[in-house]
Amino acid sequence: LCKLFGVPEDNYKTKVKGKILSELDFEREIDFYLIDNKKEYKCEVKLMGKGNPESADAIIARASDVFVADKLSETNIKQLNSLKVQWVELRSKEGYKRFEKVLENLKIPHQDLGINVEKRLEVIFKEIFK
């Protein structure tokens with residue numbers, strides 16, 4: 001999604017592992033971060049389907065700022081909204097486009113999606129899977 005929306009590489013990172021902060025405190029593994037002015041927004045990705053709504057609870061455990069999911073229930077959406085968590089539901093019609101709203105809300109620099117999404121995806125997939 002970051003590549004699709006042209007987020008500069010300085011504004012996201014994906015190679016993140018959980019770490020021990022002290023004997024009684026630890027940081028859970030996060031899928032990726034969006035970064036603006038040195039502020040890091042925790043982003044969780046779950047491809048959970050409609051039959052596994054408790055997977056959305058991962059955002060609470062990780063104190064995530066953004067949740068990208070395959071499918072969200074109405075209850076999930078209400079919960080995310082009440083927690084002020086930015087969310088994207090990929091399976092909904094053109095749901096991936098909501099990521100632009102997330103980027104705008106967090107003031108993360110990005111490019112307009114444009115009309116040639118499939119061509120952009122071909123380039124991105126070649127880069128990712130080389």
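Tutor: A salt bridge is a side-chain nitrogen of Lys or Arg within 4 Å of a carboxyl oxygen of Asp or Glu. The structure above is a predicted model, in which local features need pLDDT of at least 70 and side-chain atom pairs count only at pLDDT 80 or more, while totals for chains, interfaces and linings use all residues. Residues are numbered from 1 along each chain as its sequence is written, and side-chain values use heavy atoms, with hydrogens and water left out.

Student: Why is the pair of Glu94 and Lys97 called a salt bridge?

Tutor: The closest N and O atoms of Glu94 and Lys97 are 3.2 Å apart, and because that distance falls within the limit for a Lys nitrogen and a Glu oxygen, the pair counts as a salt bridge.

Student: How do you know whether Glu94 is buried or exposed?

Tutor: A residue is buried under 20% relative accessible area, exposed over 50% and partly exposed in between, using a 1.4 Å probe and protein chains only. Glu94 has 44% relative accessibility and Lys97 has 35%, so each value lies between the two cut-offs and each residue counts as partly exposed.

Student: What makes Lys3 and Glu127 a salt bridge, and which parts of the chain does the pair tie together?

Tutor: Their closest N and O atoms lie 2.8 Å apart, which meets the distance limit and therefore makes a salt bridge. Lys3 belongs to the segment before strand S1 (12–13) and Glu127 to helix H4 (residues 117–128), so this pair ties together parts that are 124 residues apart in sequence. Lys3, at 28% relative accessible area, is partly exposed, and Glu127, at 38%, is likewise in the partly exposed class. Glu9 joins these two residues in a network of salt bridges.

Student: Why do Asp70 and Arg91 count as a salt bridge?

Tutor: Their N to O distance is 2.3 Å, and since this satisfies the limit, the contact between the two side chains is a salt bridge. Asp70 lies in the loop between strand S6 (66–69) and helix H2 (74–82), and Arg91 in the loop between strand S7 (86–89) and helix H3 (98–105), so parts that are 21 residues apart in sequence are tied together. The relative accessible area of Asp70 is 17%, so Asp70 is buried.

Student: How many salt bridges are found in the whole structure?

Tutor: A search of the whole structure finds 7 salt bridges, including those just described.

Student: What makes a stretch of this chain a helix or a strand, and how many of them are there?

Tutor: Both are DSSP runs numbered from the N terminus, a helix being H or I with at least four residues and a strand being E with at least two. By that rule the protein chain has 4 helices and 7 strands, and along the sequence they follow the pattern β-β-β-β-β-α-β-α-β-α-α. Of the 130 residues in the protein chain, 38% count as buried.

Student: Why are Lys84 and Lys107 called exposed?

Tutor: Lys84 has a relative accessible area of 71% and Lys107 one of 62%, so both values pass the upper cut-off and both residues are exposed. Lys84 sits in the loop between H2 and S7, with a positive phi of about 60° although Lys84 is not a glycine. Lys107, placed in the loop between H3 and H4, has a phi near 60°, again a positive value in a residue other than glycine.
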